[in-house]
Amino acid sequence: MPTADQPLVTVIMPVRNEGRFIDRSLDAVLAQDYPAELVQVLVADGRSTDNTRDVVRDSALAHPERRIELVDNPGGIVPTGFNAALARADGEVIVRVDGHTIVEPDYVRECVAALARTGADCVGGRMDKVGQGSIGEAIALATSSPFGVGNSHFHYAEGERWVDNVYLGAWPRSVFDRVGPFDTEFVRNQDDEFSYRLRAAGGRILLTERIRSRYYNRASLRALFSQYRQYGTWKVRVLQEHPRQMSARQFVPPAFVAAAAAGAALAPLSRPARRAWMGVLGGYAVAAVAASGVVSRRAGWRHLPLLPVVFATLHISYGAGFLAGLVRFRKRWQRHG
């Protein structure tokens with residue numbers, strides 16, 4: 001039976017086409033040291049075209065004593081899936097787990113304990129990356145570096161602190177009654193947008209290293225570029241809805257990309273423009289190599305050749321995506337003017 005110390009928990013897993021990984025992610029959820037009878041697992045599948053749904057159904061059949069349910073998500077994106085599962089959630093605590101994440105056996109217990117201990121409205125842990133192959137490992141290191149991801153503390157911070165946002169997240173169910181569900185417009189950055197609304201309503205978000213999980217990141221530069229280009233594009237919509245949510249560092253990549261593109265266009269026409277352009281590119285190259293050296297000293301010098309390329313991919317994709325978002329969502333400024 002649920003108690004004040006051990007409330008009923010609903011784990012929500014929004015997934016799509018995760019057939020090659022969902023069994024590991026789901027098994028980690030089922031292996032929690034929290035009482036099994038107090039955990040409801042809702043897998044919100046976005047109409048996968050692979051065997052994701054079959055894997056979830058097989059798991060439910062293999063564990064008839066567990067509450068594993070497949071929730072249809074015709075919208076196909078995280079916020080629609082999360083909201084569909086939230087509407088069917090019985091838990092007093094809602095815990096999000098993504099399909100490419102392996103949570104530690106004490107994950108749910110630590111989430112519940114942190115909420116009770118601190119009175120936070122949302123808790124989460126650090127996003128510990130796992131890279132596969134040489135490029136995947138370099139991506140894991142770059143996206144765990146302040147130079148790569150700025151002051152997004154959940155990528156690398158230790159200890160415990162109050163923050164603007166966390167990876168995944170766990171919330172008292174009452175938070176959604178107060179703030180509302182995820183905004184289904186946001187294909188990406190829906191967690192940023194929700195966290196801002198939560199903080200604007202007086203909520204507090206805690207990052208603690210006691211909540212542990214491993215995220216298997218992208219393994220190719222092409223996939224990384226696509227991912228961060230989308231982050232940059234949808235960050236514009238967050239800016240339009242919540243201007244105060246943005247920090248100065250989030251404007252640096254688009255400013256760099258704009259300066260580099262303008263310099264490339266003007267360099268053939270003007271010597272001063274050519275010098276300025278070379279200065280921008282040279283300054284970035286020096287910074288990227290220096291940051292790569294810092295990371296490689298800790299993680300191994302074999303990563304040094306790839307890290308500058310990964311850093312450039314991160315920053316250029318995010319910056320280009322942000323500039324594309326300014327064009328794509330240009331008419332939305334009128335709504336907020």
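Okay, one term before we start: when I say contact, I mean heavy atoms within 4.5 Å. And keep in mind that what's on the screen is a predicted model.

Let's use that term straight away on His242. Leaving aside the neighbours within four places in sequence, His242 is in contact with Glu193, Tyr196 and Arg197. Where does His242 sit? It's in the loop between helix H9, residues 221-241, and helix H10, 252-266. Is His242 buried or exposed? Its relative accessibility is 11%, and the cut-off for buried is under 20%, so His242 counts as buried. There's also a polar contact here: the side chains of His242 and Glu193 are joined at 2.9 Å.

Now over to helix H8, residues 190-200. This helix is mostly covered, with eight of its eleven residues buried. Among the buried ones in H8 are Glu193, Tyr196 and Arg197, the names you just heard, along with Phe194 and Leu198. Just after H8 you get to Gly202, and there the backbone takes a positive phi of about 95 degrees.

Okay, zooming out for a second. The chain has twelve helices and eleven strands. Its radius of gyration is 21 Å, and the globule rule gives 20 Å for 337 residues, so the chain is as compact as a globular protein of that length. If you want a box, the C-alpha atoms fill roughly 75 × 50 × 40 Å along the principal axes. Buried residues make up 51% of the 337. And if you take the contacts with a separation of 6 or more, 79% of them are between residues 24 or more positions apart.

Next up, charges. Side chains of opposite charge can pair when their charged atoms come close. How many salt bridges does the structure hold? The count is 22, and I'll go through a few.

Start with Glu69 and Arg88, where the closest N and O atoms are 3.2 Å apart. That pair links distant parts of the chain: Glu69 is in strand E3, residues 67-72, while Arg88 is in the loop between helix H3 and strand E4, 19 residues apart. Glu69 counts as partly exposed at 23% relative accessibility, and Arg88 is partly exposed too, at 40%.

Then there's Arg96 with Asp98, at 2.9 Å between the closest N and O atoms. Here Arg96 is buried, with a relative accessible area of 6%, and Asp98 is buried at 17%.

Another one to look at is Asp106 with Arg212, a salt bridge at 3.2 Å, N to O. Asp106 lies in the loop between strand E5 and helix H4, and Arg212 in the loop between strands E10 and E11, so the pair ties together parts that are 106 residues apart in sequence. Asp106 counts as buried at 11%, whereas Arg212 counts as partly exposed at 36%. And then there's a network: Asp33, Arg109, Glu110 and Arg210 are joined into one by salt bridges that share partners.

Last stop, the surface. The accessible surface of the chain comes to about 15400 Å², and 55% of that belongs to carbon and sulfur atoms. Which residues make the nonpolar patch of about 250 Å²? That's Leu326, Val327 and Trp333. Val327, if you're trying to find it, is in helix H12, residues 307-328.

That's my tour, thanks.

Key. Residues numbered from 1 in each chain as written. Predicted model: local features only at pLDDT ≥ 70, side-chain atom pairs only at ≥ 80, totals over all residues. Heavy atoms only, no water. Patch = residues over 30% accessible without salt bridge, like charges linked within 9 Å, V, L, I, M, F, W, Y side chains within 5 Å. Areas by Shrake-Rupley, 256 points an atom, 1.4 Å probe, with all protein chains shown as cover. Salt bridge = Lys/Arg side-chain N within 4 Å of Asp/Glu carboxyl O. Helix = DSSP H or I, 4+ residues; strand = E, 2+ residues; numbered from the N terminus. Buried < 20%, exposed > 50% of the residue type's maximum accessible area, 1.4 Å probe, protein only. Polar contact = N/O pair within 3.5 Å; in protein donor to acceptor, adjacent residues only side chain to side chain. Rg over C-alpha atoms; globule rule 2.2 N^0.38 Å.
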